[in-house]
Structures are given as structure tokens and as C-alpha cells.
Amino acid sequence: MTSKKEIMSYLKQEILSLALKPGSMISETALSERFQLSRTPIRDVLKQLSLEQYVDIYPKKGNLVSYIDLESVEQVIYLRNVLEKEIMKSLAGNIPLKGLHELRGNLAQQQQCIEQAEGAGLFLQLDDQFHRTMFGLAGREFLWGVLQQFNVHYIRYRKLHMLKDEKLATIQQEHQQLLDYIVQGDTTGIDELLHHHLRADIDSMNFQEHFATYIKK
């Protein structure tokens with residue numbers, strides 16, 4: 001028998017990976033049959049997913065995968081921009097050699113992922129690892145954990161952007177340039193590039209034009 005915790009994990013992964021697309025219906029009956037559980041524990045799982053913004057529950061209508069809330073995305077981007085600028089500037093000119101080696105290894109893996117066309121899923125993991133390593137080197141990994149608690153809209157937003165092959169190469173190149181600025185101690189370069197790196201997509205109309213059906217109205 002599958003536990004409620006396991007069902008929660010399965011559904012979160014399916015929503016974040018876009019296997020379950022924003023706005024798609026989630027049937028209690030179908031989940032009950034799939035996981036061989038009564039509808040009561042399934043309903044409990046859906047209520048918790050609703051509290052965490054993975055699912056929207058509409059009385060007498062049903063349960064839908066939550067639409068991507070661009071206001072929430074913008075708030076996360078703002079917070080990341082503020083935090084990461086300070087973190088990267090604190091590392092500028094004095095990044096530990098072990099950390100530098102780890103970040104360069106990550107960039108090599110990103111490049112390999114692009115060359116072997118391994119897809120946005122793996123690249124997104126490497127992207128997160130790159131930024132998380134920065135937080136860790138600055139002694140701010142707790143703050144990275146805090147950011148992850150509000151990521152349901154942001155992760156899907158990023159994943160949709162990464163469906164374009166050329167986008168992955170652009171992100172990898174910006175990561176490389178950010179690391180170069182850190183090594184050189186160029187805080188002005190960090191300021192300008194990080195702002196662009198995090199905000200360029202949310203400031204464009206491309207996402208809203210191509211994925212309008214996934215966006216919260």
C-alpha cells in the first residue's frame with residue numbers, strides 16, 4: 001500500500017516536471033484507483049497540496065493543478081536577486097579553491113548536458129546545484145532551503161523557459177561569466193549580469209505569449 005507521504009511526493013514531482021500540466025484536472029477517483037487507497041486519504045493529500053499551492057480545489061467543480069502565478073514568480077526572483085548579489089559579492093576575490101573547483105565541475109556538467117541533449121530536467125538540477133553551492137560557500141544554505149519552500153510556481157516557470165535549446169546554452173554562459181566575475185572580484189559585473197540572469201525572462205512577453213493557458217489569470 002502506498003502511504004500518503006509517498007503519494008504526495010509522486011504528485012509533487014509530476015506537477016513540477018509538468019507531467020501534470022497547469023490547469024489539468026486531478027480526479028480523486030482516478031487517484032484512489034491508481035494508489036489503491038480510499039478517497040479519504042486521497043482527499044487529505046489534495047488538501048495538503050492545496051495548502052502548498054500545487055493544487056487548487058474548487059467545491060463542486062473539482063481539483064486542478066495550480067496555474068503558474070507570475071506574481072509569485074516575480075517575488076521569488078526579487079528575493080533571489082537581493083540575496084544572491086550579496087552572496088556573490090561576499091565571495092568576490094576570495095572564493096575558496098575547493099568551492100571554485102566544485103563550481104567549475106558543475107559548469108562542465110552543464111555543458112555536457114547541453115551537448116548530449118539530456119534535456120531541461122537534468123539541466124535544471126545542475127542550475128540549482130550551481131546556485132546552491134554559492135549559498136553554501138557563503139554560509140547561507142539555510143536561506144536556500146527557505147527559498148525552496150515557495151518554489152512551485154518558479155520551478156515550472158523556469159522549466160518551461162528551458163524547453164528552448166538555445167536557452168540552456170545562454171544560461172550556462174551566464175553562469176560561467178558570473179563565476180569569472182567572482183574570481184576577478186568584479187562586483188559591478190556581478191550586479192549587472194545577475195540582474196539580467198534572473199530577471200530577463202520575467203521582464204519579456206515571450207512567456208506570456210507562448211504559455212498563456214498555463215498562467216493564472
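**Group meeting: a small sheet and a lot of helix**

Okay, let me start in the middle of things: Met 25 has Leu 64 of strand 3 as its bridge partner. Before I go on, a reminder that what you see on screen is a predicted model.

So, where does that pair sit? Strand 1 and strand 3 run antiparallel and are joined by two bridges. Now look at the other neighbour. Strand 2 also pairs with strand 3, which covers residues 62–65, again in the antiparallel sense, and here there are four bridges. Leu 64 turns up again on this side, since Asp 56 has Leu 64 as its bridge partner in strand 3. And Val 55 stands opposite Val 65 of strand 3.

Put that together and you get an open sheet of three strands, order 1-3-2, with antiparallel pairing. Strand 1, residues 25–26, and strand 2, residues 55–58, are the edges, each pairing on one side only.

Which way do the residues of strand 3 point? Gly 62 and Leu 64 go one way, Asn 63 and Val 65 go the other, and all of them are buried.

While we're here, the hairpin. Strand 2 and strand 3 have three residues between them, and in that hairpin Lys 60 takes a positive phi near 70°. As background, most residues other than glycine have a negative phi. With that in mind, two more spots to click on.

The next one is Leu 18. This residue is not a glycine, yet phi is positive, at about 75°. You'll find Leu 18 in the loop between helix 1, residues 4–16, and strand 1. Is Leu 18 buried or exposed? The relative accessibility is 10%, so Leu 18 counts as buried, the cut-off being under 20%.

Then there's Gln 36, also not a glycine, with a positive phi near 55°. Gln 36 is in the loop between helix 2, residues 28–35, and helix 3, residues 39–51. The relative accessible area of Gln 36 is 63%, so Gln 36 is exposed, that is, over 50%.

Ser 38 sits in the loop between helix 2 and helix 3 as well. At 45% relative accessible area, Ser 38 is partly exposed. If you measure across from there, the C-alpha atoms of Ser 38 and Glu 28 are 9.2 Å apart, with their positions ten residues apart in sequence numbering.

Right, let's zoom out. The protein has eleven helices and three strands. Reading from the N terminus, the elements go α-β-α-α-β-β-α-α-α-α-α-α-α-α. The C-alpha trace spans about 60 × 40 × 35 Å along its principal axes. Of the 217 residues, 46% count as buried. As for contacts with a separation of 6 or more, 72% are between residues 24 or more positions apart.

What about the inside? In soluble globular proteins, nonpolar side chains tend to be buried together. Here the largest nonpolar core has 36 residues, and the ones that touch the most other members are Ile 68, Leu 70, Val 73, Met 134, Tyr 157 and Phe 207. Several helices supply at least two residues each, among them helix 5 (97–115), helix 6 (120–137) and helix 8 (152–161). The top contributor is helix 4, which gives eight residues.

Let's pick Leu 70 and see what surrounds that residue. Setting aside neighbours within four places in sequence, Leu 70 is in contact with Tyr 157, Ile 202, Phe 207, Gln 208 and Ile 215. Apart from this core there's another one, of 27 residues, including Leu 20, Phe 35, Val 65 and Cys 113. You've met Val 65 already, as the residue opposite Val 55.

One more residue before the surface: Lys 167, in helix 9. Buried or exposed, this lysine? At 16% relative accessible area, Lys 167 falls under 20% and so is buried. What does Lys 167 touch? Not counting residues up to four places away in sequence, the list is His 161, Met 162 and Asp 201.

And the outside, quickly. The protein exposes about 11700 Å², with carbon and sulfur atoms supplying 52% of that. There are 25 positive and 28 negative charges, and their mean positions are 8 Å apart.

That's my tour, thanks.

Conventions. Residues numbered from 1 in each chain as written. Predicted model: local features only at pLDDT ≥ 70, side-chain atom pairs only at ≥ 80, totals over all residues. Heavy atoms only, no water. Core = buried A, V, L, I, M, F, W, Y, C linked by side-chain atoms within 4.5 Å. Buried < 20%, exposed > 50% of the residue type's maximum accessible area, 1.4 Å probe, protein only. Contact = heavy atoms within 4.5 Å. Areas by Shrake-Rupley, 256 points an atom, 1.4 Å probe, with all protein chains shown as cover. Lys, Arg positive; Asp, Glu negative; His and termini not counted. Charge placed at Lys NZ, Arg CZ, Asp CG, Glu CD. Pairing = 2+ DSSP bridges.
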